[in-house]
Amino acid sequence: MMLTCTALYLIRNQLINVLRLNQETNTNNDHVVSKILSKAIHRIVEQIPIAIRDFSSQYGSNRSDSYVVTNICSHAEIYPTYGDSSHALAFRTYGPWWITMPSYKETIKNFSRWEHNFTSRDFIEIEYRDLVYECMHLCIYETYNPGTLDIVYVGKEEDDGNLTWHRVWTFPEPFSIILYRVEEMLIEDGRQIFDDLFPNYVQPNNSVNVKQVSGVYTHHTCPPASRVPRIVKISLKNKVSFPTRFIRLQFDHSTVNYYSEIDTVILYGRTSPSDSNSLSNIESTSLPSLIPLDEHTNEKNTSSDLVKLPFDVLFIICYYLDMRSLVYLSSTCRVLRTRCLHPLQFQSVNLQPYWNGITNYSIENFFRQYCSQTRHLSLAWTKSIQCSSFNQLLNICSANLVQLNLACCQYLTGQYIKIIVNYCTNIEILNLENCISLNHLDFIPLKYLQHLRILNVYRTNIDYRTLLPLIENNKRSLENINLGSCQKLGDTAGIIKLLFARCLNLRTIDLWRIQGLSQNSFCSVIGLQFDLSEEKRRVLNFSKDEQEELALLYSSVNMPKDISSITHMKYLSEVDLGWTDPPAGFVKSFVQQVGQSLIKLFLTACRCVNNEDIDAISEHCARLRQLDLLGSSIITETSVENVLKSCKDLEFLDLSFCDKISNDMVSLWTCQYKTCFKRSYSPTISDDPYTEFP
C-alpha cells in the first residue's frame, strides 16, 4: 500500500511538471505566433501592376505587345540595361517637335488663359492587386531617356465604385534616384543636372534642340535628366491617409531627346491594417474646388485702388489670371466678382488642368451660369461627368461653341455625341482622341456636322459609316484629320481616297498605324497604276450587309472610281504614314505631287522606302522641317546627305535602325548641320554608372 501511494505521488508530480511544460510551451507558441503576425502586419510588400485602368497614348499598336502600356505589368525585365526596348512602355510623342507644328498650335491658340501650373502631356492609371494600408514609396524604372515624370496621384475607391485622385508629389519636389550598383541618392531639386551630383562624369554630345524647347512652357530642364538607367523613388510615407491600390502618373516629355521608356512601376507598402493606420483613422482629402464657397464676399481687405480701375482695364487684368486664381479673386468683393465672373471671361475655358476637380456639381452650379459666351471648351481628361450635366453645359454654350476637346473622356456614350451634334451645330474643332469607350455606331451622328476644320479621333472605334459622309459634308472646310491607331475603319482605302479627292484645303493627315491599306490601295489614292480587280475583291471581303451599306454610302458621296493625281492638294503640309508600309515608288510619286508644301513627313517603319524616294524628297521638299526614316534599312548615306543639303530648314531627322547609315557619319553630320539627329539603339549595359549613354 505504501509503495502504491509513493508511486501515485511520483506520477502526480510528473503530470504537474508535464502540464507546466505544456503551459510554458503554449505561452511561447502564442508569443511566436504573435511575433509572426506582427511581422506580417508590418512587413513591407512589393507589388507590380496587374492592370492599366486608363492612359492617354502609347507608341505601340492595340494588337501588339510592343511599346504598349501593359508592358509595365511585370517585374523589371530591362533594367539595368539602357536603350530602346519594345518590351517597355513608350508614349506616342516626345520632345518639342510635335507641339511646335502648326496643326498642334491651331488647337491650343484660342486657350489663351495661361494655366502655368499644368505641363503634363500624358498620363497612365495603374491598378495593383492588394490594398496598401500604409504606402511607403513608389519606384519607377526608367530605362530610356528618363526624367519625364511630372505628377503622382493615388486613388481612393469610394463606396459607389468611383475613384477620387489625390496628388502626393509634383516635380520638382524632392525624390530619390538609384543608379545601377550605386547607393540611393536624394535629389532635393529635380532640376539638378548630372554634373551637380557627379562632377567627373562623362557626358556625350547633346542632340536636344534647346532653341525649340525654349518656346515650350515646362518645369523640366533640357534635357530633363542624364541618359542613364535609373530607378526614381517617390516617397509616399505619411502622404496617404487611406488604403489604396491605384496610382496615376502624369508625364511631361517636352524636353526629352527621344522616346522615354519605362520598364515597370513598383508600389511598396503594408497590405494589412495596423493600429496606427486603421480604417477608422482615415481622413478624406477634399478635391480641389473651383467654386466660390459663398456668394457673400468680404470687402474689408479689398484694395480700393484696384476696384477703381476702369472696367476694361480691370477686365484685361483678370483675363491674365489662371482659372483658379480668377475664381478666388471673385470671392474678395462684389466689384471684382462682376469683373471676374463676367461671361466674356469664359470665352475660352480650359478645364483639363482641373480634370480632378470638375464634377457634376461644379458644372451645374458654376460653369453653367457663366459659359453663355464660351466658344472654346476643353473637358479633356475629366472623369464621370453625367449626361444630364453635360447636356446642361452644352445647351448653354450652344451654337457659340466652335471648339470642344474631350480627349480621354471614357464616360462618353452615343448619347453624348448626339448632344454635341444637336447643340453645337457650328463646331469647327473636335477632339475625341483615345475615347475608346465609344463604339463605331456611337460616332454616326457626327456625319451631320458641316463646319469641321479639325477632327482628332486617334485610337477610337470610328469607321467608314461615319467618316465617308462626314468627309463629304465637310470637304470644303476640313484642314486637319488624325486617324492614328484607328484599327477598325473598315473601308480605309475608300476613306483615304475620298479625303485626297475632295478635301482641297487639307493641311494635316495622320495615318499612324491605321489598318486596311494594301499596297494596291496606296497606289489607287495618288494616281498610280493599280489593279482594279484587286480593288473589287477588297470590297467583296465585306459581309453582304456591309457591301450593301457601302454601296449606298459610295452612291451618296459620289465616290470617285480613281484619282489621276493629287496636285490639287496645295496646302498639305504635315503627313504621318508611320507603320503603314506603302509600296516602293509611292513616296516618290507622293512628294513629286505635293512635296512643295510639306514641312513634316513621317515614314516610320516604312520598309520599302528606297534611295529614289529619298532623292525625290531632297528634290521636291525644300521646306521640310521634320523627317522620320526609322527602319529604312536600304537607304544610303549619299541619299540622306542630299536631303540635308537641299532641305535647309530641316530640324529633325530620325535615322534609327537605318542599317546603311553609320554612327560615324551621323556624328559628322551633327557637326555640319543644325538638324537634330535621332538614333535609337538596343538596350546595353555599362560598367560605369557615371558614364552617360549617347
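Reader: I'm new here. Which ring does the charged end of Arg507 sit over?

Author: Keep in mind that this is a predicted model. In it, the charged end of Arg507 lies 4.8 Å from the centre of a ring and sits over that ring. The ring belongs to Tyr571.

Reader: And what about Arg113, which ring does its charged end sit over?

Author: Here the distance to the ring centre is 4.9 Å. The ring under the charged end of Arg113 is that of Tyr319.

Reader: Are the rings of Trp114 and Tyr217 stacked or edge-to-face?

Author: Their centres are 5.1 Å apart, and their planes stand at 80 degrees. Planes over 60 degrees apart count as edge-to-face. So the pair Trp114 and Tyr217 is edge-to-face.

Reader: Phe346 and Tyr370 form an aromatic pair too, so how many residues apart are they?

Author: That pair is stacked, with 5.9 Å centre to centre and 20 degrees between the planes. Phe346 is in the loop between helix 8 and strand 13, while Tyr370 is in helix 9. Along the chain they are 24 residues apart.

Reader: Is helix 13 largely enclosed or not?

Author: Helix 13 covers residues 492-502, and among its buried residues are Ile495, Leu498 and Phe500. In total 10 of the 11 residues are buried, so helix 13 is largely enclosed by the rest of the structure.

Reader: Which strands stand at the edges of the open sheet of 12 strands?

Author: The sheet runs in the order 13-14-15-16-17-18-19-20-21-22-23-24, with parallel pairing. An edge strand here has a single partner, so one side is left without a neighbour in the sheet. Those are strand 13 (348-350) and strand 24 (676-678).

Definitions and conventions:
Residues numbered from 1 in each chain as written. Predicted model: local features only at pLDDT ≥ 70, side-chain atom pairs only at ≥ 80, totals over all residues. Heavy atoms only, no water. Pairing = 2+ DSSP bridges. Helix = DSSP H or I, 4+ residues; strand = E, 2+ residues; numbered from the N terminus. Buried < 20%, exposed > 50% of the residue type's maximum accessible area, 1.4 Å probe, protein only. Phe/Tyr/Trp six-rings, centres within 6.5 Å; stacked < 30°, edge-to-face > 60°. Lys NZ or Arg CZ within 6 Å of the ring centre and 35° of its normal.
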